[in-house]
Amino acid sequence: MTIKIDPIIDEPALVVSNETKALVIADVHLGIEWDLYRSGFSIPSRMKYGLERVLAYIKQVSPDRIILLGDVKHNVPQISWQERDEIPYFLSTLSDHAIVDIFPGNHDGGIEYLLPDDGDINVHPVRGSVIENVGYFHGHTWPDPKLLNAEYIITAHNHPTIRLTDSLGFAMVEQSWIRTRLDLQVLQGHFTSLELSKENGNWNDPELIVVPSFNELCGGVAFNESMHDDLLGPLFSSKGVDIDNAQAYLLDGTQLGKLKNIRKLEESKVRPRRKRKGAKK
């Protein structure tokens, strides 16, 4: 059966259709308000708002499973009172509608203590796993080698955005989808014992899709201003991802083109900040 991957227009969510249908969201960061409060910013909890958004997706696409692609919770290394109160309710509500698959991220330490007693909820290995020939992992670790033989790999962690700046210094930042390929030579250098190749049946040249953050409070990384060393996760820092030829898409479906071409735009160049009068040099 052909795998079909469709974003929900104007939303940071994917629908993956194969034998079953999966709704994919990443970087929910429940409990971020508690962290912001400790830093001096008082923001009411947005958990119910986020839950309503996901329930609207569910109503629209009727998924068989809901894939939470890492960083369900926010606070590390501790678990806040807000997370203890909100995360079990959030997960239980989702599990009333479909199977829930959690692929733990770097913020998800202790997530197993926040699972509700009811509902079909699966916590996958940190390095990810394959569901119906699609590999999923958060992105803060190397992927399980099994993912490299999938047709697609869907990851998160970097909260991808595109930032364009005009001549006056005004910047517009938009969440984006990133679609690209992996560098087989780099991966062969890391997974040395596997002898990755199509002939050996452990390499399928998967397309890599980087999912934007569901939680708008998290900010993001401007991929058009970033190189491998600026991006998070060993797959990127090792240059195992083809960044130059990556295609960027806005949430409304606009295809911006390859990152190497977007970087050439005058609006895509990082502009130095002007020093204020009287500022120390």
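Select Pro116 first. Leaving out residues up to four places away in sequence, Pro116 touches Pro88, Leu91, Ser92 and Ile121. Keep in mind that this is a predicted model. Pro116 sits in the loop between strand 5 and strand 6. Is Pro116 buried or exposed? Its relative accessibility is 16%, so Pro116 counts as buried, the cut-off being under 20%. Now add Ser95 to the selection. Ser95 and Pro116 are 21 residues apart along the chain. Their C-alpha atoms are separated by 9.5 Å.

**Helix 3**

Select residues 81–95. This is helix 3, with 15 residues. Draw a distance between its end C-alpha atoms: they are 22 Å apart. At 1.5 Å a residue the helix should span 21 Å, so the two values agree.

Colour the buried positions next. They are Gln82, Glu83, Glu86, Ile87, Phe90, Leu91, Ser92, Thr93, Leu94 and Ser95. Two of these names, Leu91 and Ser92, are also contacts of Pro116.

What do the buried residues of helix 3 pack against? Show these elements one by one:

- helix 1, residues 32–38
- helix 2, residues 47–61
- strand 4, residues 65–68
- strand 5, residues 99–102
- strand 6, residues 121–123

**A cis peptide bond**

Go to Pro77, in the loop between strand 4 and helix 3. Show the backbone here. The peptide bond joining Val76 and Pro77 is cis. Its omega is about -5 degrees.

**Two positive phi angles**

Select Asn133. This residue lies in the loop between strand 7 (129–131) and strand 8 (134–136). Asn133 is not a glycine, yet its phi is positive, near 70 degrees. At 33% relative accessibility, Asn133 counts as partly exposed.

Move on to His159. Find this residue in the loop between strand 9 (152–155) and strand 10 (160–165). Here too phi is positive in a residue other than glycine, with a value near 50 degrees. Is His159 buried or exposed? With a relative accessibility of 10%, His159 counts as buried.

**Leu231**

Jump to Leu231. The loop that holds Leu231 runs between strand 13 (221–222) and helix 5 (234–237). Leu231 has 4% relative accessibility and therefore counts as buried. Which residues is Leu231 in contact with? Setting aside neighbours within four places in sequence, show Asn158, Val221, Phe223, Ser226, Phe236 and Ile243.

Then select Asn18 as well. Leu231 and Asn18 are 213 residues apart in sequence. In space they are 31 Å apart, C-alpha to C-alpha.

**The whole chain**

Zoom out and switch to cartoon. The chain has six helices and 15 strands. Turn the C-alpha trace along its principal axes: the spans are about 60 × 55 × 35 Å. For 281 residues, a compact globule would have a radius of gyration near 19 Å. The chain has 19 Å, which agrees.

Colour by burial. Of the 281 residues, 50% count as buried. Take contacts between residues at least 6 apart in sequence: 67% of them join residues at least 24 apart.

Show the surface. About 14100 Å² is exposed, and carbon and sulfur atoms supply 50% of that area. Finish by colouring the charges. There are 30 positive and 39 negative charges. Their mean positions are 11 Å apart.

Conventions. Residues numbered from 1 in each chain as written. Predicted model: local features only at pLDDT ≥ 70, side-chain atom pairs only at ≥ 80, totals over all residues. Heavy atoms only, no water. Helix = DSSP H or I, 4+ residues; strand = E, 2+ residues; numbered from the N terminus. Rg over C-alpha atoms; globule rule 2.2 N^0.38 Å. Buried < 20%, exposed > 50% of the residue type's maximum accessible area, 1.4 Å probe, protein only. Contact = heavy atoms within 4.5 Å. Areas by Shrake-Rupley, 256 points an atom, 1.4 Å probe, with all protein chains shown as cover. Lys, Arg positive; Asp, Glu negative; His and termini not counted. Charge placed at Lys NZ, Arg CZ, Asp CG, Glu CD. Expected span 1.5 Å × (residues − 1).
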